[in-house]
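Let's take a friendly walk through this model together. Have the sequence and the 3D view open side by side as you read.

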Amino acid sequence: MKKLLRGIAEFRRTRPPGYVETFLQQAAVRLRDELLQRCGRAVPEREVLTINAAEAPAVARWLTRHELTIGNLLRHPDDREVQLAALPLLLIRDGVKTLAPDPETALAVGDQLLVAGSPHGLADLRDALFYVSTVEYLATGQVVPQTWVWRRITHRRRRAQHAG
């Protein structure tokens with residue numbers, strides 16, 4: 001903590017007066033504007049997501065072999081071209097905190113993500129954490145058959161397309 005405070009003090013000494021305050025104020029305004037754009041004027045709810053087998057089993061399973069970015073996770077499970085009414089505010093990985101993480105940041109098992117959003121946006125996000133087919137769709141855009149019958153039909157169609 002002392003090291004961090006010394007770093008902040010040094011940063012302030014090397015910048016013009018008011019630089020840090022202006023930078024932080026601009027960052028807060030950008031975050032507020034993004035939250036308003038995604039969630040509207042209602043007071044957003046917040047939730048901490050822990051990416052692990054207990055709280056986000058489908059995501060944790062997907063991450064064992066594939067990559068998933070924060071931006072992809074925050075896509076709508078019915079139409080990945082639509083962003084959820086939710087915004088990542090903080091990512092904690094191995095004790096390191098990242099404010100307003102970049103949507104292109106790849107998630108890792110053990111990450112904690114503080115997300116603010118509308119009740120519907122957060123509900124859609126929570127639902128996606130438990131379904132591997134939904135996570136695959138969010139990550140790749142490919143609709144994955146969920147039932148045995150649909151998987152068999154899809155498999156036959158793919159085999160016929162490759163043969164023809």
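A pocket here is an open set of grid points where a 1.4 Å probe fits, with protein on both sides within 12 Å along at least five of seven lines, and its volume is the space filled by probe spheres set on those points. Keep in mind that you are looking at a predicted model.

With that in hand, start at the largest pocket, whose volume comes to about 210 Å³. Which residues line the largest pocket? They are F23, L24, A27, A28, R30, L31, E34, L99 and A100. Helix 2, covering residues 19-39, gives the most to this lining, with 7 residues. By class, the lining holds 7 nonpolar and 2 charged residues, and no polar ones.

L99 from that lining also leads us to the sheet, since L99 belongs to strand 3 and stands opposite L90. Strand 3 (residues 96-99) pairs with strand 2 in the antiparallel sense over 4 bridges. The two form a hairpin with 2 residues between them, and D94 in the turn has a positive phi of about 55 degrees.

Now step back to see the whole sheet. It is open, with 4 strands in the order 1-4-2-3 and antiparallel pairing. Strand 1 (45-50) and strand 3 are the edge strands, each pairing on one side only. On average, neighbouring strands are turned by 20 degrees against each other, direction ignored.

Further in, strand 2 (residues 86-93) and strand 4 (residues 112-117) pair over 6 antiparallel bridges. Here I92 has Q112 as its bridge partner, while P88 is partnered by V115.

Finally, find helix 5 (residues 119-128), which lies across strand 1, strand 2 and strand 4 and runs at about 15 degrees to strand 1.

Notes
Residues numbered from 1 in each chain as written. Predicted model: local features only at pLDDT ≥ 70, side-chain atom pairs only at ≥ 80, totals over all residues. Heavy atoms only, no water. Pairing = 2+ DSSP bridges. 1 Å grid on protein atoms, 1.4 Å probe; cavity = no way out; pocket = protein on both sides within 12 Å on 5 of 7 lines; lining within 4 Å. Nonpolar A, V, L, I, M, F, W, Y, C, P; charged D, E, K, R; others polar. Axes fitted to C-alpha atoms, helices over the stretch in contact; angles between N-to-C directions. Contact = heavy atoms within 4.5 Å.
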